Amino acid sequence: MERLIDLDPQKEFTFIVSDAASAKTELHITNLVADNLAFKIKTTVPKYYVVKPNTGIISGNGDLTISITLTPIPTSVKDHKFMLQVARTSLASDELDAEALNTFWNNVKQMDKDAKEDHKLKVVLQSPDYSQSNNIAPVKSTETAVKTQPVAGSSAAFPNTKADE
């Protein structure tokens, strides 16, 4: 089976949490085939994420970068997941409208499985100041960081934030 796309990252998004307001990351998609590919990205917790663009067309052998913003920063991302769906299409980006794309995705289930792919990605928060707690990974750096263990349920995992209200 021919792969349709290459992803970077492939399995999980890492958000570097430097403040309590928001964190950003990117998903790079490379179309490995000559056909145009329609894509859409979904999440299990849409209230936390702004994804731009979240749907569209990737030209044959083209690439695309999707920007993902996490806001506000939750205390845990254990259940946060994304699914990227791609499928071969005759639609072109210059003729793209919401109705045509909705009609296309409503018919994807009937497509041959070689013409579509689903990719699941997990979410990881990475903080420069704290060790593993609430799915927060330590920064991989040569610098020495002070490591403390936040109290479960507190806002200590995110410096410069008010206490939980």
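**Exercise 1. Describe the setting of T89 in this predicted model.**

Solution.
Step 1: T89 belongs to strand β8, which covers residues 81–89.
Step 2: Decide whether T89 is buried or exposed. The cut-off for buried is under 20% relative accessible area. T89 has a relative accessibility of 13%, and therefore counts as buried.
Step 3: Find what the side chain of T89 reaches. The partner is the backbone nitrogen of L91, at 3.0 Å.
Step 4: List the contacts of T89 after setting aside neighbours within four places in sequence. N36, L37, A38, I57 and F104 remain.

**Exercise 2. Summarise the fold of the protein chain.**

Solution.
Step 1: Count the elements: the chain has 10 strands and one helix.
Step 2: Put them in sequence order, which gives β-β-β-β-β-β-β-β-α-β-β.
Step 3: Take the contacts with a separation of 6 or more; 65% of them join residues 24 or more positions apart.
Step 4: Turn to burial and surface. Of the 165 residues, 38% are buried. The accessible surface is about 9,900 Å², and carbon and sulfur atoms contribute 48% of that.

**Exercise 3. State where confidence in the protein chain is highest and where it is lowest.**

Solution.
Step 1: Start with the whole chain: the average pLDDT is 80, and 76% of the residues score at least 70.
Step 2: Locate the extremes. Strand β1 (residues 5–8) is highest, at a mean of 97, while strand β10 (residues 136–138) is lowest, at 49.
Step 3: Extend the view to residues 136–165, where the pLDDT is below 50. Beyond near neighbours in sequence, this stretch has 54 contacts in the model.

Key
Residues are numbered from 1 along each chain as its sequence is written. Side-chain values use heavy atoms; hydrogens and water are left out. Helices (H or I, at least four residues) and strands (E, at least two) are DSSP runs, numbered from the N terminus. Buried means under 20% relative accessible area, exposed over 50%, partly exposed in between (1.4 Å probe, protein chains only). A polar contact is a pair of N or O atoms within 3.5 Å; within protein, one must be able to donate a hydrogen and the other to accept it, and residues adjacent in sequence count only if both atoms are side-chain atoms. Contact means heavy atoms within 4.5 Å. pLDDT is the predictor's confidence in each residue, from 0 to 100. Accessible areas come from the Shrake-Rupley method with a 1.4 Å probe; for residues, only the protein chains shown count as cover.
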